[in-house]
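Please look over the model shown here. The report follows one strand outward to its neighbours.

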Amino acid sequence: MKNVTLIFLLFAIVLILTSCNKKETLKDTNDIKSMFAVLSEGISDFQIVRGEYASDSELEATKYLRAKIKDIYGFTLPITDDFEKEGYKSNRREYEILVGLTNREESKTEKVKNDDYIIRFSDNKIVLTGGCGSACYNAVEYFIENYF
């Protein structure tokens, strides 16, 4: 009985230690890769969305992401901010890459520590955000390096 308890305890410790080191969260990596398979065919309706009041780092991250998509896939995605006003046409699209904090429900996250970031797939949105502007930029870099 002691052996079973010891094995269970060791397993729980390993599980706790490995889960504490993750800086990203993904619903399903295959979903993101399949979304970019559509991008590679050049037939997507993706746009890159940043917050209306994005920091300089978030603006740079947005431009960097668009440049890398152009380098890799050969076409330029539009960049827009999240500004919306009643009585005006919405700029929302079904497929969006959300960089930083936006007014989209999908980019509202739990509190993120200053240097941490989140990469998440939510419905038809890819969310790249962080606890500060430089962490958001790091999320974009990590995303490009690991999912393109």
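Strand S4 (117–122) has 6 of its 6 residues buried, so the rest of the structure largely encloses it. Buried means under 20% relative accessible area; exposed means over 50%, and partly exposed lies in between (1.4 Å probe, protein chains only). Strands (E, at least two residues) and helices (H or I, at least four) are DSSP runs, numbered from the N terminus. This is a predicted model: local features need pLDDT of at least 70, side-chain atom pairs count only at pLDDT 80 or more, and totals for chains, interfaces and linings use all residues. Residues are numbered from 1 along each chain as its sequence is written, and side-chain values use heavy atoms, with hydrogens and water left out.

Both faces of S4 are covered. Tyr-117, Ile-119 and Phe-121 are buried on one side; Ile-118, Arg-120 and Ser-122 are buried on the other. In a regular strand the side chains alternate between the two faces of the sheet.

S4 pairs with strand S5 (residues 125–130) in the antiparallel sense, over 6 bridges. Two strands pair if DSSP finds at least two bridges between them. The two form a hairpin with 2 residues between them. In the turn, Asp-123 has a positive phi of about 55°. Two of the facing positions are listed here.

| Residue in S4 | Opposite residue in S5 |
|---|---|
| Ile-119 | Leu-128 |
| Arg-120 | Val-127 |

The wider sheet is open and has 5 strands, in the order S2-S1-S3-S5-S4, with mixed pairing. S2 (79–81) and S4 stand at the edges, each with a single partner strand, so one side of each lacks a neighbour in the sheet. On average, neighbouring strands are turned by 20° against each other, direction ignored.

What lies across S3, S4 and S5? Helix H4 (residues 133–147) does, running at about 135° to S5. Axes are lines fitted to C-alpha atoms, for helices over the stretch in contact, and angles run from 0 to 180 degrees between N-to-C directions. Contact means heavy atoms within 4.5 Å. Buried residues of H4 include Cys-136, Ala-139, Val-140 and Phe-143.

Leu-128 touches these four residues of H4, and also Leu-65, Ile-97, Ile-118 and Ile-119, among others. In the largest nonpolar core, of 20 residues, Leu-65, Ile-97, Val-99 and Leu-128 touch the most other members. Such a core is a set of buried Ala, Val, Leu, Ile, Met, Phe, Trp, Tyr and Cys residues joined through side-chain atoms within 4.5 Å. H4 gives the most to this core, with 6 residues.

Conventions:
Lists of a residue's contacts leave out its neighbours within four places in sequence.
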